[in-house]
Each structure stands twice: as C-alpha cells, then as structure tokens.
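Biologist: I have the sequence and the model open side by side. Can you take me through some local features, one at a time?

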2 protein chains.
Amino acid sequence: MIDELRAIVGDAYALTGADLAGWSQDWTGTYQFNPLAVVRPANTGEVAQIVKWANRTGTAIVPVSGNTGLSGGTRAEGALMLSLDRMNAIREVRPESRIAIVEAGVILSNLHDAAEAEDLIFPLTFGAKGSAMIGGCLSTNAGGSNVLRYGNTRDLVLGIEAVLPNGEVMEIMSELHKDNSGYNLKHLLIGAEGTLGIITAAVLKLHPKPRAYATAMVAVPTLPDALVLLNRLQQETGGAVEAFEYMPRKHVEVYCQIKPDAREPFEDPQDVNILVEVGATAPRDCTPGPDGQVPVAAYLEQVLAGMFEEGMLLDAVVAQNEAQRRGMWERREAAAEIAMSRRPVVVNDIAVPLDKVAPFLERMETVLPKVDPGAEPIIVSHLGDGNVHYTVWPASQDPQVHDAIMEAVEDEVLAMGGSFSAEHGIGTSKLPSMRRRKNPVALQAMKAIKAALDPNGILNPGKLLP
Amino acid sequence: MIDELRAIVGDAYALTGADLAGWSQDWTGTYQFNPLAVVRPANTGEVAQIVKWANRTGTAIVPVSGNTGLSGGTRAEGALMLSLDRMNAIREVRPESRIAIVEAGVILSNLHDAAEAEDLIFPLTFGAKGSAMIGGCLSTNAGGSNVLRYGNTRDLVLGIEAVLPNGEVMEIMSELHKDNSGYNLKHLLIGAEGTLGIITAAVLKLHPKPRAYATAMVAVPTLPDALVLLNRLQQETGGAVEAFEYMPRKHVEVYCQIKPDAREPFEDPQDVNILVEVGATAPRDCTPGPDGQVPVAAYLEQVLAGMFEEGMLLDAVVAQNEAQRRGMWERREAAAEIAMSRRPVVVNDIAVPLDKVAPFLERMETVLPKVDPGAEPIIVSHLGDGNVHYTVWPASQDPQVHDAIMEAVEDEVLAMGGSFSAEHGIGTSKLPSMRRRKNPVALQAMKAIKAALDPNGILNPGKLLP
C-alpha cells in the first residue's frame, strides 16, 4: 500500500514508522495521534493521484499545511496525512494587477515579504504567520487582526485550484473581480477545512502598502469607551482603522511573565488596553507637514486628545518608530502562546455584535464560577469585529467540566446573536458545539453536500461535521 | 391543484388564466412563456408551504422578484411562478450597526432611500434599481456600477433566510463579520439563481454615505489612457474611486436618439467617454476650503489637469451640482434600454483583466464582421472592474448566427483569461456558454450539489446548469 504512495511522491516523501515523530500532534498539543503515513507531494498532479488512490483503497486523508490551527483540524489517527509543505512556490506577483499566484504550502510571512517587495501587502496576518501556510489559511478562512479593514481570508481570494474528493483537479484560478458563472465553488471550499477538496493553489488580492501608519497603545476606563474611540477614529479617517485589539490586564501580565524582556505598555497597569493602528496610502495622509508630523498620526492624536479632555482616556502611547510599533504588535501576537502556556485549556473563539462584547464578558464573570469555581479566563479580542478569544484555564481536570464551560459560553453567545466559532473553525474541538448549536436545516444541507462530493468519505472525515 | 395553492396564499394571490397576462415574459421580452400559475406569498412560511406542495406534486417553481434580469432566469413555461413582490418589508435599519434587515421583495431604490435617511448607503446600484428587488439581486449576485469600491452583492450580505428545495426554512440571518461554523451556505445560495433555494430575507451591510462626491465626464484619446486616469485617481485618493464607466461614442449617440431631451456630454463628440466618480467620507476630504472647493473635487481636478498637460485628456466636465451629476448617471444607466432598443439583440456580459479590455474590443473589430457582416456592437463597460457589456445588434435574423456571435466572443474572452458571464448570470441565455466553456470538473461538482439539495428538481429547473 505504502509502495503505491512511494511510487507517486518518491521514496523520500512517503514517511512511515519513526519518520512520523514530528507529525503526530497538532500545534496546541491537545491532539496526539498516529497517522498511517505522511506523504509530501511536489505538485497538484501528485495530490490528485494520492486522492484517487485513497478512493480506491478507502483510506482517509487529512490535509495539513502549517499545522498551526487551534481546533484540531489536522488530527489524523490512522489516516494518511497529506502535507502541502513542498508546494511552496510563489508562482507570480503581478503588481500592475495587484495579485499573487501562490501554492498552498507558501508560508504566510513569505508572501508578506514578496508583496512588500512590490510596495504592496497581503493584509491577512496573525500570530502564527511565520509558520502558517496559505492552504490552511484558505481552508479555515482565517481571520486575524486586519479583518476590520480588509475582510477575512475569503475576501482576499480571487481564484483557487483544488483537488476534489474524487481526485479531479478543479482549476478556477480566476483573476477577475466579477464572475457569475454558476455556483460559487471557491467560497464553498474556503472554510471547508479540507473536507470538500484540497486547495493546492490560489490567486490572491494584494492591496497598496500603507505609506504611513499611526499605531498606539491606549488605555480607556471601559470597553464602551473603546467603541467610542473606534467610531471617532473611523469617522475622522474615513474608515482607515486597520486594527483595533483589546488586551485585558491579565493578558499583559502573563505576557510579561513568559517573555522575560517584555515591557508593560503603561507605567501603571491598566484594565482595558487597546492596540490601535491606522494606515494611510493617499499622499494627503502620508506626506509629513511643516512640523514633520505625518497627517495620519495627527488624526490619531487629535482623537486621543479629545477623549482625554472628556476623561474617557486614561493613558496613551503612540509608536514613534517601527521598532516601537513592532513591540506593540508582539504583545498582541503572543496571544496563542499565552493561552497555551497553561494546561488544561478550553479555547472559545466566539463572535458577537460589537456592542455585545462588554455584556458578554460581564455575564461570563457570573456564569464561569458557577460551572467551574476557580477557573481563570485569559481573554484577548479583535474588538473591531466583535471576535473574542475567550480562553479559559479550568480549575477542574474533568473533560466534562471543560465541555460544560464551552456550553455555558455558547449559551451566552447565542442569546446575544453571536457565533460559537468566529475564525478558528470547527475541526475536532468544536464538533460538540456544531452538534448542539448549528441551525439544523443548514447542518442537514452541509451533510448532503459532503455526501454528494465525497461519497466515500475520504477527505478529512470526522471534522467540521458532527 | 390550484385550490391547494389558494388555500396557502389566499384566493387573491394565486393567479391563473387571464390574470397571468403581465407574467408571461421577462423584462427584455426575449422570452415569452405560459406559466402554470402565479403565487404571491405574504411570508416565508407560505413560501415554505408552496415548495413542499411542489415536491409533493412534482411541480417546477420559478422564483421571481423584480424580473429585470437580462439572461432569461425567470422563464417559466409550464412552471409555477413564485413572486416575492408582497414580501417587501424593510424590517429594520440599524444605523449604529450599519445593517439593514430586509425581505426579498424590497425594491432596490426603496432600500437606497431608507439607508440615506440614516446618512448611510446601500452601495449596490444599476439602471433597473427602481424595479429590481433584493431577492433577485442576491440570487444573481448583481454587480453594477460601484463594485470597484464596495464589491459585488455577495460582499454586502451578512446573513440570509432561505427556503431550501425541500421546503425547510434555513435561517442564517447573522449580523456578524466573522462566522466560521461550517460550509458557507450563504455564498452558495447567492448567485445560484434560485436553483438551490429561494432567498426570502437578508441582513445587508450599509456603508457611510459619502459627504462629498466629485463626478466628471472625461474624454481621453484611448482606453489605456483611461486606465492611467483610474490609477492616478486611486493613488491620489487612497482608493476612493466609486465608479469608472466607459461609454463609446455610439452609446452616447443612441442615448441622444432615444431620449429627446438628452444632451451630448461634450461640445464635440468623443470616442472614449468616461464617467468617473470619487466619494469621500472623512472630514479632511469633505470640508470646503477657503476657496469654497471641496478637497475631493480638488484631487480630481488636479489629476485631470496633469493629464491635460500631458496631452492624455481631450475634454472634461466636472459636475457642479447634484442635477448635473444625476444627468451624467442617467446617460450611463440607460444602457439596458439602449441595448434593447433594437431587435434582435445578442447580449454578452463578459469580464477580462483590466488591461485586456482594449485588446478584446480591438480583436472583436476583426472577428465580428467575419461571423455576421453588418452586425453592430453597442458597448458599455464597467471599465474599473474589467466588465464589458458587449451587446451586438446582429444583421442576421438567424439564431444560429446569434449563437455563433456569442461563441466568437467566448473564444476571445477565454483566450484572455476572462469569464463569459460577469454579472448578469447564466439563466437561460448563457446555457450554451456554460456547456461549452465552464470548467468540466466545476460543472460536475455543481450538478452533484444541485442533485443533493434538490433531488426532485423543483427549483428553477433548466436554468444555470446545462
């Protein structure tokens, strides 16, 4: 059986036995598993051959790229892992069309660099950017810190190439901004977590690189004050806020504990710490004035000054250079590391309407101790789009209590019109939520689509759909 | 049979016999048909009952809202037409969340008015806005003139409610900007032309209303010069160009013929007429300077002046007030009326990469006369997104020649990496293109999805999929 795989990818790229050591857990370490084997195809043709082989032999395939997911989407007990890491070519960056054509194994930060070399950006970004790969970003419709301005991953994708569950290659690598020719299979595969096809390449949108940023750490008394700051900034800049990230005091404390050279953002520790960034591309916003100040920084300072006068601002630090800006971002991007620094851990990635973030967190202060006295929440939030990473360090070691925590979170979220899964996806860990909470008519339709496209249940079985 | 429908919607809203007079053709008049009956349900529950009835009786349903489509998507020979026109409530406009919750029968311009009353806009707009309805906009993923800035219809939709082919109501009326909980059924139904479900309501994104517009008619020597204008304006304004529309001389001529009180845009007729509009929301762009001029108008004039000096601009008229702006838009929005003012007519709605618009049109000057000597193209283009309405008035009356024209257009479009259907959809008229040109693997997957969700073939059969 393995011999057939070796014949497809070459001996060196079909791993078994002791060679599987590095392939038997996800990044979080929550899921440990024994894959049947790992194959590392070099191109789309090899991926297609492997999928056809899997249909013939009835073998489950778990596609994996950067393996940085937080929901156990790459758990591969007894399955064949198909790694896209060798398909790592940036085929083209075409600045005049503002597109990049890339393979699934391209590391996100490598694409960042390639775009920046052309004075463009690929805006998708998050903590794991140095190891996450494009295939996984698309398959999970990754979110991150710039969704407020540029949308989720799916908003940055023009076309895809994918191997469908029957082993056929679907080449819909459109570069077009308008294409209404049948069902939108691109959007169906994006976010399908590898259960409907293996995305092997994509045409991605690039955006002009902001020529100036204004970045600040701001402390406000309450979360509603933070929303006032956000709205004023959006109004002042015409919607140029790129990121608006909330870090509670505890996030900052743990960051300083696990990073010995880390610094507090303010002299006095604060409860509501906001990282705000405004980007500007137009000359009128980027060209320094007679005082040397860039206009975009002036807009930010003006709004901050106004709020300070009104007593709605406790402290603020504006980044004076790129190093200070980087430092602010590192504090935020350590979030996954912070969350995973203690075990056990219950990861909740939820979204609610913006004005419900504060009521949700308030409710949880009452609810959580009832479910697990002594449990500690370790929270961080993409506040600008209502996405809260409500991670919990439970006091109890009992998995049933952990599930009860998740269920309590779901109760509050759904009562507020929210979603139990904002950007991390379902994978393995959110299957109970999906079973309990997803609209049953929608769930039925999803199952019908899965059965129609993957009748043998080859691709990432047991994920996403309960 | 009809009695059962009467029992669902009430006697007055199940039409048969002579009452069908107004329901037996599409807006273009290309398709004439005899529906079995027309039902006009009052709410989603009634829609669901009708679809269940159709499954029991094996009756085909053709959903219809504004009936302004250009591809024959509402052809209903022997089928039950289900009109959404009575479901016309704007349930809510929530300015603080920038959303509108509307039913499928809401007329697009009524939603425009409701949004503007809150100082917001629903950016989707096109000529038929006074009769097109939201259900049809979503089902066809309508494009229009503001895609460049705000995206296609699907980019403006947060959640939907739909009746699936089995008669179940799928309520995924999310207001969230992040929601990764399973396959994206919203995007699957948007653009599915009523073949996978009947969209009955939606949560739509609203945008801040630009406080100032700068709108101009510009004549440039060539289409590549127009792209220089577009790029410079985007750079100068940080991407604030809302519309960039190309009207060849012939469009203007026919407009003046069919509208007796119409005026030429320039003193001397020009070949390459561009309608350009820039919108601004930020105070710095909207607040008039000491000279009374709004900054956004100054940016436009500065770019135009630069190009005039370089000899890349033949003439330009900047709208001085809202009436002049309206006049410029009316000329553009008459495009469908202009195209349909002569019969027969072959409608081609294609998209190519931006820099391929000029080569495409040039190639067609050679190709078209070979297929049908004497055929006249009547062209208009959303140049900013590469979408060309390459309508042809054929000399021949032979439908086979008309199809040959379509096929010749497809040849050129596909050779340039384009799509044979940009924003009008497939409906009936583009089924031959879909059969000939759509990626066969994608087409197979679409058919599998259709069969899985609509095993009895109830919803809009014979449309979209060949």
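Biologist: How many bridges join β3(B) to β4(B), and do the strands run parallel or antiparallel?

Modeller: Bear in mind that this is a predicted model. Strand β4 of chain B covers residues 80–83. Val64(B) in β3(B) stands opposite Ser83(B) in β4(B). The two strands are joined by 4 bridges, and the direction is parallel.

Biologist: Are the residues on the two faces of β3(B) buried or exposed?

Modeller: Strand β3 of chain B spans residues 61–64. Ile61(B) and Pro63(B) point to one side, Val62(B) and Val64(B) to the other. Both faces are covered, and these four residues are all buried.

Biologist: Which residue in the loop between β3 and β4 of chain B has a positive phi?

Modeller: Look in the loop that links those two strands. The residue there is not a glycine, yet its phi is near 60°. That residue is Asn67(B).

Biologist: In what order do the strands of the open sheet in chain B lie?

Modeller: The sheet has 5 strands, paired in the antiparallel sense. Its edges are β5 (90–94) and β9 (169–172), each pairing on one side only. From one strand to the next, the twist averages 10°. The order is β5-β6-β10-β8-β9.

Biologist: Which residue is the bridge partner of Glu161(B) in β9(B)?

Modeller: Strand β8 of chain B runs over residues 157–163. It pairs with β9(B) over 4 bridges, in the antiparallel sense. Within that strand pair, Glu161(B) is matched with Glu171(B).

Biologist: At what angle does α2(B) run to β8(B)?

Modeller: Helix α2 of chain B is made of residues 44–57. It lies across β5, β8, β9 and β10 of chain B. Its angle to β8(B) is about 50°.

Biologist: Which strands does α3(B) touch?

Modeller: Helix α3 of chain B, residues 108–116, packs on the sheet. Its direction makes about 35° with that of β5(B). The strands it touches are β5, β6 and β10 of chain B.

Biologist: Why are α7(B) and α10(B) called oblique to each other?

Modeller: Helix α7 of chain B holds residues 223–237, and α10 of chain B holds residues 295–309. Their axes are 10 Å apart. Angles over 145 degrees count as roughly antiparallel and those from 65 to 115 as roughly perpendicular. At about 140°, the pair fits neither group, so the two helices are oblique.

Biologist: What is the hand of the crossing of α7(B) and α10(B)?

Modeller: Residues in the contact include Leu229(B) and Arg232(B) of α7(B), and Tyr299(B) and Met307(B) of α10(B). By class, the contact has 8 nonpolar, 3 polar and 3 charged residues. The crossing is right-handed.

Biologist: What is the relative accessible area of Asn141(B)?

Modeller: Asn141(B) sits in the loop between α4 (134–139) and α5 (147–150) of chain B. Its phi is positive, near 45°, although the residue is not a glycine. Buried means under 20%. Asn141(B) is therefore buried, with a relative accessible area of 4%.

Biologist: Is the peptide bond from Arg343(A) to Pro344(A) cis or trans?

Modeller: Pro344(A) is in the loop between α12 (335–339) and β16 (349–351) of chain A. Omega for the bond from Arg343(A) is near -5°. The bond is cis.

Biologist: What is omega for the bond from Arg343(B) to Pro344(B)?

Modeller: In chain B, Pro344(B) lies in the loop between α12 and β16. The peptide bond from Arg343(B) is cis. Its omega is near -5°.

Definitions and conventions. Residues numbered from 1 in each chain as written. Chains lettered and ligands numbered in written order. Predicted model: local features only at pLDDT ≥ 70, side-chain atom pairs only at ≥ 80, totals over all residues. Heavy atoms only, no water. Buried < 20%, exposed > 50% of the residue type's maximum accessible area, 1.4 Å probe, protein only. Pairing = 2+ DSSP bridges. Axes fitted to C-alpha atoms, helices over the stretch in contact; angles between N-to-C directions. Parallel < 35°, antiparallel > 145°, perpendicular 65-115°, else oblique. Left-handed = near helix turned anticlockwise from the far one by under 90°. Contact = heavy atoms within 4.5 Å. Nonpolar A, V, L, I, M, F, W, Y, C, P; charged D, E, K, R; others polar.
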